[in-house]
Amino acid sequence: MPTKRSTLLASVCLVPLFLAGTAEARRGVPADHAPAGHTARSGGIIEAIQVTGNDRIETSTVLSYMVVQPGDPFNQDQLDRSLKTLYATGLFRDVTLHRAGNVLQVRLAENPIVNRIAFEGNHAAKDEDLRKVIALRPRAVFSTQITAADRKKILEVYASKARYAATVTPQIIRLAHNRVDVVFQINEAQQTLIHKISFVGNKAFSEARLAQVISSKETAWYRFFASSDEYNPERIRYDSELLRRFYLRNGFVDFQVRNQTGELSPDRKSFYVTFTVDEGPRYRLGKVNIRSSLKHVSAASMRKYIELFANQWYDGSAVQHNATDMQEILQGQGYPFAMVRPEIARNPEKRVVDLLFDVSEGPRAYVERIDINGNTITQDSVIRRQIPMSEGDPYTPTERKYTKAILQDLGFFSSVSVDQTPGSAPDRTNVAVNVVEKPTGEFSLGGGYSTDVGILGNIGLKQHNLLGSGVDAGISGTMAYYQRQADVSVSDPYFLNRNLVAGVDLFVIENNYQTYQNYSEGRYGITLRMGYAYTNRLSQSWSYTLTDRHVDNAYSDASWYVLDQTGWSLLSQLSTTITYDTRDNRMQPHSGYVVRLGGDFAGLGGNERYVRGKVDLGYYIPMDDLTGNHDWTLALTAGAGEIANWGGGRSDIIDNFYLGGNTLRGFLDGGAGPRSMGIPAYTWNGQTYPMHSQEDFIGGRFLYTASATLNFPMPFGADMGIRGRYFVDMGGLDGLRVRNRYTAYPQDMPRYTPVYGDTLTPRVTTGVGFAWKSPFGLINIDLGIPVLKQKHDRTQLFRFGFGQQF
C-alpha cells in the first residue's frame with residue numbers, strides 16, 4: 001500500500017474536498033445536506049418503487065430506510081420525509097425521487113468508501129496521535145461533514161501545542177470502485193508563544209512579583225526546554241486561581257480576577273495575555289475562637305491546636321490547613337466523623353477578619369463496598385492492601401484523601417480517583433477506586449562525570465511492578481574510571497501479605513582509590529533487608545550483610561597502617577535503622593523534620609568485630625512568609641556516629657568514619673581527620689629503611705557534622721529546572737582506630753609513622769552551589785571555601801557531579 005500521494009497512479013484525479021461536484025456544492029451547499037428536488041406529484045397510489053444507482057447497498061436496505069412503501073399514496077410530506085431519511089443515513093451524496101406513472105423511481109449516488117487516511121507535513125504531532133482524534137476510518141463511508149469535523153479536531157491538537165497558526169487542508173484522491181484516499185495536508189507553522197503578560201488593577205504587588213506567581217511565562221531564549229511560554233487557555237484559567245490563592249494568603253479576602261484574556265497578534269505568531277484584577281482591601285486577623293457541638297469535645301480543649309494569632313495578616317491557606325489539622329487530630333482521637341469548618345466575618349471599616357472554627361459531627365457514613373476499576377496489570381490485592389480502610393469502616397474525606405495519595409505514591413498509575421456512590425442505606429457508601437495504569441518498566445543507559453569516581457557509564461533495567469505483584473526488581477551496572485559496580489536487587493513491599501518490606505541485594509564493587517588513597521578495595525556480597533512501618537511516620541528497617549572484601553595494590557611506600565590491612569577479610573554485619581519522618585516530600589522536602597537512629601553490629605561470624613552507632617537529624621523550614629515564594633527553604637541537618645571494637649577484631653580502616661566530600665563540602669573525600677604522614681628513607685642501627693612519603697587517610701572513631709543550607713530559586717532558572725543553594729558546613733573527626741599504632745618515637749623508629757588531624761576541632765566551610773535537572777541527567781556543582789581547617793587537611797574547591805544522584 002503506498003504511503004504518500006506521490007506514489008499513486010498518475011491517472012488518479014486529485015479533487016479538493018470541498019469542491020466535490022454536485023449542483024448543490026456549486027451553489028455553496030454541502031452535498032451531504034442538499035435537499036434534492038423531486039418531481040413526484042401528489043395523488044394516486046404507489047404501485048412499485050424502483051431503486052437505481054446503488055452498488056454496495058442492497059435495495060431492500062434502501063427501501064427499509066424510506067417512509068413510503070408500495071401501496072401508500074403519493075403524499076408530498078411523506079416523500080419529503082423519505083428523502084431526508086435517506087440523506088440522514090450518510091450513505092448517499094445525492095438522492096432524487098421521480099414519479100413515472102404510478103412507479104416511484106429512486107435514483108442514488110453512493111458516498112465513496114475510505115480506502116486510506118494519510119497525514120502530510122506533520123512533525124510536532126505523530127500520525128498515531130492524530131488518528132486517535134479523528135472519526136474517519138479506513139473501509140468506512142466517506143462523508144464531507146465528518147471530514148470537516150476531523151479537520152477542526154486536528155487544529156485543536158495543534159492549538160494544544162501552541163500552534164495556532166497551523167492550517168489543515170483535507171484533500172481526497174478518487175480511486176476506482178468508488179473509493180477515496182483522504183489526505184490531510186498540514187502546515188504546522190511556528191509555535192504561538194506568549195510575547196507579553198500584563199496585569200491591570202494591581203497596586204499591592206508589582207507586575208514582576210505577580211509574574212512569579214503564575215505558571216505562564218513570557219517567551220525568552222533560556223526557556224528552550226520549558227513549555228510555560230506556550231499559550232494555553234487551560235493554563236491561563238489555572239493562573240487566575242493561582243493569583244486568587246496568592247492574594248488570599250496575603251490578606252486580600254475580597255480579591256477577584258475580573259477578566260483574563262489572550263489576544264492573538266495579527267500575524268498569528270504571538271499572544272498578549274492580560275489579567276484584570278480587583279485587589280480590594282487587605283485584612284488582618286482579628287479574634288480567633290472555637291465553637292464545639294461535638295460530644296465530649298470542649299472548645300477549651302481544642303484551643304491548644306490553634307496555630308494562628310491575632311493581628312497577623314489573614315492567610316486563607318493557613319486557616320484551611322489549621323482546620324484540616326484539627327479535624328485529623330480529632331479523627332485520630334476516636335471521632336471519625338468530626339468536622340472542623342472555618343467561618344470568617346469581615347469588618348471592612350477596621351479591615352479585620354474574625355475567625356471561628358466550628359467543630360461538629362458530620363454525617364455518618366460507613367464503607368459498604370470497595371470496587372477497584374481500571375487495573376489491567378496490577379493485581380487487586382496490591383491495591384487493596386494500600387487502602388487505609390475496609391468494608392464496614394467509617395468513611396471520611398480524610399480517608400479519601402489518604403487513599404488517593406497512597407495509591408499515587410506507588411508510582412504504578414498515571415491517574416487515581418476515589419469516587420463514592422450511595423449504598424443500600426442512607427449511612428452506607430460504595431467506594432470506587434479508579435486507576436489508569438502506566439508503564440512501570442525502566443531501562444536506563446547513560447554516563448557522566450563525578451568527582452568521586454571520575455568519568456562513568458551506567459546501564460540499568462528495572463521493573464517496579466513485576467507481573468502486577470508490586471515487587472520491585474532490577475539489575476544495574478556502573479563502569480567508571482575509578483570504580484566498577486554491579487547490583488541485582490529484588491524487593492517485596494508486602495512480604496507474606498503483611499506490613500513488611502523484604503528484599504535481597506547481590507553486589508560487586510571494585511574501587512580504585514589511587515588518586516587520594518594508596519590502595520584498591522573490592523567487595524562481593526549479599527544483603528538481606530526487612531522493614532516495617534509502625535505508623536505513617538515511624539518505621540524501622542533491618543538488614544544483614546555478608547561481604548567478602550580484599551584490599552590490595554598498595555604502594556610500596558604507603559604508610560604502615562595501609563600495609564597492615566592489605567589482604568582478605570570477611571564482614572558479617574547486622575544493622576537496624578529507626579526513622580521518624582514528618583517531611584512533606586522525601587525527594588525535595590520543604591517542611592517537616594526527620595530523625596534517624598542506626599546501629600551496626602559486626603561479629604556474627606567473619607573476622608570483623610565492632611559496634612557502630614549513628615544518628616542523623618534534618619529540619620526543614622519553609623521561607624514562604626518571609627519571601628512570598630514557595631521555592632525558598634532552609635534545611636538544618638546534623639549527624640554523629642561512633643564505632644567501638646569488641647572481641648579482638650581486625651580494626652580495618654575501611655570500616656572507619658571519614659570526613660569530607662559529601663559530608664563536608666570544600667574538603668576532599670576523607671581529607672579532614674586523622675591522616676598518616678609520610679617520612680623519608682632513614683637508617684636505624686645500621687639498617688636502611690625505605691621512604692614512606694605518601695599521605696593516607698585512615699579515618700576515625702567519632703564523627704560529627706552539621707550543615708545549614710538555604711535553597712533558593714535562581715533568576716530565570718525555574719523554567720530550566722535550576723535551583724541554587726548557599727551552605728555552611730561544619731564537622732569534626734578523631735580517634736585512631738587501627739590495627740597497630742606506629743606513632744612512638746624514637747624507640748620504635750623503624751616503624752614510626754606520624755599521624756596528624758586527630759582532633760575534634762571543627763572544620764568549617766561555606767559556599768554556594770546549584771542543581772540542574774537537565775535533559776541529560778542531574779548536574780550538581782558546589783563551590784566550597786574552607787573557613788576553618790587544620791594543618792595538612794586536603795581541600796577541594798569545586799565539587800562536580802553529572803549523570804547520577806548525590
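Me: Which elements are included in what covers the buried residues of α7?

Reply: This is a predicted model: local features need pLDDT of at least 70, side-chain atom pairs count only at pLDDT 80 or more, and totals for chains, interfaces and linings use all residues. Residues are numbered from 1 along each chain as its sequence is written, and side-chain values use heavy atoms, leaving out hydrogens and water. Helices (H or I, at least four residues) and strands (E, at least two) are DSSP runs numbered from the N terminus, while buried means under 20% relative accessible area, exposed over 50% and partly exposed in between (1.4 Å probe, protein chains only). With contact taken as heavy atoms within 4.5 Å, the cover of α7 includes β8 (193-200), α6 (207-213), β9 (256-264) and β10 (270-278).

Me: How many degrees of arc do the buried residues of α7 cover around the axis?

Reply: The buried residues of α7 are R235, I236, D239, S240, L242, L243, F246 and Y247. The arc is that of the directions from the helix axis to the C-beta atoms. These residues lie on the same side of α7, because their arc is only 165 degrees.

Me: How far apart are the end C-alpha atoms of α7?

Reply: The expected span of a helix is 1.5 Å times one less than its number of residues. For the 17 residues of α7 (residues 233-249) that gives 24 Å, which agrees with the end-to-end distance of 25 Å.

Me: Which strands are the edge strands of the open sheet?

Reply: Two strands pair if DSSP finds at least two bridges between them. The open sheet has three strands in the order β2-β4-β3, with mixed pairing. Pairing on one side only marks the edge strands, β2 (48-52) and β3 (92-100).

Me: What angle does the direction of α3 make with that of β3?

Reply: Axes are lines fitted to C-alpha atoms, for helices over the stretch in contact, and angles run from 0 to 180 degrees between N-to-C directions. Helix α3 (residues 76-88) packs on the sheet and touches β3 and β4. Its direction and that of β3 make an angle of about 155 degrees.

Me: Which residue in the hairpin of β12 and β13 takes a positive phi?

Reply: Strands β12 (residues 338-347) and β13 (residues 352-361) pair in the antiparallel sense over ten bridges. Four residues stand between them, and the positive phi, near 55 degrees, belongs to R351.

Me: Does L467 count as buried or exposed?

Reply: L467 is in the loop between β18 (454-466) and β19 (471-480). Its phi is positive, about 55 degrees, although it is not a glycine. Because its relative accessibility is 75%, L467 counts as exposed.
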